[in-house]
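Work through these short exercises with the structure open. Try each task before you read its solution.

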Amino acid sequence: MKIICVGRNYAEHAKELNNPVNESPVIFLKPETAQNQQRQPFFLPDFSSDIHYETEIVVKICKLGKNIQEKFAHKYYEEIGIGIDFTARDLQSSLKAKGLPWELAKGFDGSAPVGKFVDKSTFEDVQNIDFSLKKNGQLVQSGNTSDMIFKIDTIIAFVSQYFTLKKGDLIFTGTPKGVGPVTKGDQLEAFIGEMHLLTVKVR
Ligand code: MG
């Protein structure tokens, strides 16, 4: 199982981190060990003092595919969920400044918790889904998938040119604006519409 992530896929978020909007999707991977079982706490790693949440719609791949055409991409996922792309922002900034890959800042243990998945037929249009994050009960991020720069089907077609997609692979589709830090004791709750699908306790 692999976790494929899209960076800078919402213009307002790219702007808040002073990043350009790219012509093709910005892709990075997280290892399987970045997965965290639901309800397990997220443990702050020792190597960072600035861990950020990034709330993202997650697509679960349902069958094997390579070089998938965009018009057929919808056949490769049946479930949609929500996850957090935890990021060691301080480490990422220093890696970016040196032109180095981001993996250490993105792929560490527990950095990709996902919640319960929902059948995509629940949604009239997967490119019009509201999602949000509360930190300690307060709304800190909200977005709608209509604001994605690269749509889900475009991402699937793009990444499948490079990586064979397999059943169970997850695609994190990017975060809207409003990312911010977590500290020990925080509780994060992620929602698709009114559905509360993920809780993460920070320890
Ligand atoms: Mg992200």
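**Exercise 1: the metal site**

Task: How are the donor residues of the magnesium ion spaced in sequence?

Solution: The spacing reads E-x1-E-x28-D. Keep in mind that this is a predicted model. Next, put names to the letters. The magnesium ion is coordinated by Glu54 and Glu56, each through OE, and by Asp85 through OD. These contacts lie at 2.0 to 2.1 Å.

**Exercise 2: the two glutamates**

Task: Is Glu54 buried or exposed? Decide likewise for Glu56: buried or exposed?

Solution: Start with the cut-off: a residue is buried under 20% relative accessible area. Glu54 has 4% relative accessibility, so Glu54 counts as buried. Glu56 has a relative accessible area of 1%, so Glu56 is buried. Now widen the view to the chain: 52% of its 203 residues count as buried.

**Exercise 3: the whole chain**

Task: How many helices and strands does the protein chain have?

Solution: The protein chain has four helices and 13 strands. Its radius of gyration is 16 Å, close to the 17 Å that the globule rule gives for 203 residues, so the chain is as compact as a globular protein of that length. Along the principal axes, the C-alpha atoms fill a box of roughly 45 × 40 × 30 Å.

**Exercise 4: surface and charge**

Task: What area does the protein chain expose, and how far apart are the mean positions of its positive and negative charges?

Solution: Take the surface. The protein chain exposes about 9,700 Å², and carbon and sulfur atoms supply 49% of it. Then take the charges. There are 25 positive and 25 negative ones, and their mean positions are 3 Å apart.

Methods: Residues are numbered from 1 along each chain as its sequence is written. This is a predicted model: local features need pLDDT of at least 70, side-chain atom pairs count only at pLDDT 80 or more; totals for chains, interfaces and linings use all residues. Side-chain values use heavy atoms; hydrogens and water are left out. Donors are N, O and S atoms within 2.8 Å of the metal (3.2 Å for Na, K and Ca); water is not among the atoms, so sites may look incomplete. Buried means under 20% relative accessible area, exposed over 50%, partly exposed in between (1.4 Å probe, protein chains only). Helices (H or I, at least four residues) and strands (E, at least two) are DSSP runs, numbered from the N terminus. The radius of gyration is taken over C-alpha atoms; the globule rule is 2.2 Å times the number of residues to the power 0.38. Accessible areas come from the Shrake-Rupley method with a 1.4 Å probe; for residues, only the protein chains shown count as cover. Lys and Arg count as positive and Asp and Glu as negative; His and the chain ends are not counted. The place of a charge is taken as NZ of Lys, CZ of Arg, CG of Asp or CD of Glu.
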